[in-house]
Amino acid sequence: MLGVVVGAVWNALPTMYQIYKRMITHGIRNLLLVSTFLFFVATTQAQPTVERHLSRDSVQVGDSVMLTLRVETQRGAEIHLPQLADTLGGGVELYDRPYLDTLQYDGKAYIAEWKLPLVSYDTGWLAVPDIPLLVMYNGRADTITTGVALLLHVAYVPLSEEIGE
């Protein structure tokens with residue numbers, strides 16, 4: 001009886017050795033795959049994104065409208081607006097200095113909004129030009145734009161019947 005048990009164990013040894021060898025080989029492979037994945041996740045930088053919108057889509061001549069450029073990027077990045085002339089083109093003018101409003105700055109992201117107060121003295125449908133932003137992070141600079149045209153309708157001021165104009 002002992003000989004049968006010893007024989008069965010002796011015959012099973014090569015199979016157990018092969019199973020052990022496979023476990024080690026697959027474990028090392030899985031460890032390498034997981035470490036490679038974690039390395040790429042840790043080193044991949046999120047691409048900055050920008051969205052823009054107007055506070056309203058129609059105004060009367062001389063009324064102001066706020067253009068908002070919302071930028072989402074990594075913490076530690078710097079967001080720069082280029083030097084802008086008073087006239088942006090297309091009949092749209094910058095009537096006050098742009099300002100930056102930080103919405104979130106933590107370990108997850110840096111979200112900020114550039115506010116640009118605009119005015120127009122032309123009438124009709126006007127295209128608000130796209131404004132490029134410079135995002136700098138770890139010595140790397142990206143210029144980002146939305147690539148989307150915003151339209152603003154500027155109407156005449158209604159005439160007053162009392163004055164006769």
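Is Glu113 buried or exposed? Keep that one in mind while looking around this model, which is predicted. Glu113 turns out to be buried, with a relative accessible area of 10%. That puts its carboxylate under the 20% cut-off for burial, and the next thing to ask is which residue its side chain meets in a salt bridge. The partner is Lys115, with N and O 3.3 Å apart. Lys115 counts as buried too, at 17% relative accessibility. So this is a salt bridge with a buried residue at either end, because Glu113 has a relative accessible area of 10% and Lys115 comes in at 17%.

The pair doesn't stand alone, either. Arg70 joins in, and Arg70, Glu113 and Lys115 are linked in a network of salt bridges. If you're going through the charges one by one, the total to expect is 4 salt bridges.

Another of these contacts ties together stretches that are far apart in the sequence. Asp130 forms a salt bridge with Arg52, and the closest N and O atoms are 3.8 Å apart. With a cut-off of 4 Å for such a contact, the Asp130–Arg52 pair counts at 3.8 Å. The two residues are 78 positions apart along the chain: Arg52 is in strand E1 (residues 49–54), while Asp130 is in the loop between strand E9 (124–128) and strand E10 (133–137). Their surroundings aren't alike. Arg52 is buried, with 10% relative accessible area, whereas Asp130, at 29%, is partly exposed.

Follow the chain on from that loop into strand E10 (133–137), and you come to a sheet. Which strands make it up, and in what order? There are 3 of them, arranged E4-E10-E11 as an open sheet with antiparallel pairing. Strand E4 (78–80) and strand E11 (140–144) are the edges, each pairing on one side only. From one strand to the next, the twist averages 20°.

Now zoom in on E10 and E11. These two run antiparallel and are joined by 5 bridges. For a landmark on screen, pick Met136, whose bridge partner in E11 is Ala141.

Strand E11 (140–144) is an edge strand, and a last charged pair is worth picking out here: Asp142 forms a salt bridge with Arg140, its closest N and O atoms 2.7 Å apart. How accessible is Arg140? Its relative accessible area is 33%, so Arg140 is partly exposed. Set that beside the pair at the start, where Glu113 is buried and Lys115 is buried as well.

Terms used:
Residues are numbered from 1 along each chain as its sequence is written. This is a predicted model: local features need pLDDT of at least 70, side-chain atom pairs count only at pLDDT 80 or more; totals for chains, interfaces and linings use all residues. Side-chain values use heavy atoms; hydrogens and water are left out. Helices (H or I, at least four residues) and strands (E, at least two) are DSSP runs, numbered from the N terminus. Buried means under 20% relative accessible area, exposed over 50%, partly exposed in between (1.4 Å probe, protein chains only). Two strands pair if DSSP finds at least two bridges between them. Axes are lines fitted to C-alpha atoms, for helices over the stretch in contact, and angles run from 0 to 180 degrees between N-to-C directions.
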